[in-house]
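Thanks for making the time this morning. I would like to walk through a few local features of one model, so please keep the sequence and the structure in view while I talk.

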Amino acid sequence: MKAWESNIRRVVPYTPGEQPDKTKMIKLNTNENPYPPAPGVAGALRELAADRLRLYPDPTAGVLVDAIAAEMGLAPEQVFVGVGSDDVLAMCFLTFFNSGKPILFPDITYSFYDVWADVFRIPYETQPLNERFDIVPEDYYKENGGVIFPNPNAPTGVECPQEDIEDILRHNPDVIVIVDEAYVDFGARSALPLLEKYDNLIVVQTFSKSRSLAGMRIGYAMASPELIRYLNDVKYSFNSYTMDQTALAAGVASLADRQYFENTTRRIIATRERTKERLHALGFSFRDSRSNFIFATHKNCPAKELFAALRKQDIYVRYFDKPRIDNYLRITIGTDEEMDVFLDFLERYLADRKHNDCMTRN
């Protein structure tokens, strides 16, 4: 090893979902919204004068912060925005998890948490979900340097009840507790009302899923004005201009059309519930998802086999080769037409597999 190599910060990076680019593929692997953004987004981008791009954007992202605050019933001083919720969460790790004590998060959860902890040299301990993939609040009573978990959880889709979230907050008054709500708009209950009661709570949401803007990268945190000031101090020390002109315009336009947002999320929820029924009929089991995906396992067919068979048909789902979840598939909810193609293939494949097994035994 060369001398300078000993000073390189080495981490095992986060592995994002595969991004295939095929004409007739069905992409159910990265929890993107199958519907386009609100119509006003396209209009806002068309109206954005190219000459504005030679100017730096507003470092405070004021127009977007104000729009989010109005939508959520908060003061602008309670909102922080960043380049997707990943950027926001990374800033939270950097800002608030500095005690030297281990932060706590579930063992089955968003796999970026341990990456950020490693990058920023933050000690951490994972707390095992129970056999039904629920968070166990008592596991978070111990001394720690902070707590973070998604709700609904990823990749399980399981919602943590509000009373359990508050229980964790009550037992952690001296550290920051972050609730990562990337999927909350698909039928879960937000922890946002708890901000009035707990000044150590941060709620993080995103435009990527329910607002169909994964390609624009807009995330935001909501917390007390004091915590938001600390976040901004770190952001301005890292990169003052995080939100570009196009993201600001698209985000504001998206928030202006609440009816479109509600109609789209209702469509996805309806498709999810119909998909659950057919998956059950095909022999799959799963917890009741409150996200835009289903985390399912089959009683007879290994998940890895199904993943490979689907991929050969250019149907992409997510498979995690990790302990406890290596026999599950995470299936993003697409359009009704996409889900029918996916489910019809599963029905044929499983029927053929059962027939072949019977012939082999005979």
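Let me begin with a question: is Arg217 buried, partly exposed or exposed? Before answering, I should say that what you see is a predicted model, and that the values I quote were computed from it. Arg217 is partly exposed, with a relative accessible area of 29%, a value that lies between the 20% and 50% cut-offs for that class. I picked this residue for its backbone, since phi of Arg217 is near 65°, a positive value in a residue other than glycine. If you want to find Arg217 on the screen, look in the loop between β7, residues 201-206, and β8, residues 219-222.

Ala61 also has a positive phi, of about 50°, although Ala61 is not a glycine. Ala61 sits in the loop between α1, residues 39-47, and α2, residues 62-72, and with a relative accessibility of 1% Ala61 counts as buried, because buried means under 20%.

Staying with the backbone, let me turn to the cis peptide bonds. One of them joins Asn151 and Pro152, with omega at about -5°, and Pro152 belongs to the loop between β5, residues 147-150, and α5, residues 162-170. The peptide bond from Ala154 to Pro155 is cis as well, with omega near 15°, and Pro155 is likewise placed in the loop between β5 and α5.

Next comes a charged side chain, that of Asp180, which lies in strand β6, residues 177-180. Asp180 is buried and yet has no salt bridge, the nearest side chain of opposite charge being Lys209, 9.1 Å away. What the side chain of Asp180 does have is a polar contact of 2.7 Å with the side chain of Tyr113.

Finally, let us consider empty space inside the model. Rolling a probe the size of a water molecule over the atoms shows where such space is left. In this structure there is one cavity of 30 Å³ or more, and the largest cavity has a volume of about 50 Å³. Which residues line the largest cavity? They are Ala38, Ser210, Arg211, Ser212, Ser254, Asp257, Tyr260, Phe261 and Thr264. By class, this lining divides into three nonpolar, four polar and two charged residues. Helix α8, residues 258-281, gives the most to the lining, with three residues.

I will stop there and take your questions.

How values were computed
Residues are numbered from 1 along each chain as its sequence is written. This is a predicted model: local features need pLDDT of at least 70, side-chain atom pairs count only at pLDDT 80 or more; totals for chains, interfaces and linings use all residues. Side-chain values use heavy atoms; hydrogens and water are left out. On a 1 Å grid over the protein atoms alone, a cavity is a set of points where a 1.4 Å probe fits but cannot get out, and a pocket is an open set with protein on both sides within 12 Å along at least five of seven lines; lining residues have an atom within 4 Å of a point. Grid points are joined across faces, edges and corners, and a volume is the space filled by probe spheres set on the points. Helices (H or I, at least four residues) and strands (E, at least two) are DSSP runs, numbered from the N terminus. Ala, Val, Leu, Ile, Met, Phe, Trp, Tyr, Cys and Pro count as nonpolar, Asp, Glu, Lys and Arg as charged, and the others, Gly among them, as polar. Buried means under 20% relative accessible area, exposed over 50%, partly exposed in between (1.4 Å probe, protein chains only). Lys and Arg count as positive and Asp and Glu as negative; His and the chain ends are not counted. A salt bridge is a side-chain nitrogen of Lys or Arg within 4 Å of a carboxyl oxygen of Asp or Glu. A polar contact is a pair of N or O atoms within 3.5 Å; within protein, one must be able to donate a hydrogen and the other to accept it, and residues adjacent in sequence count only if both atoms are side-chain atoms.
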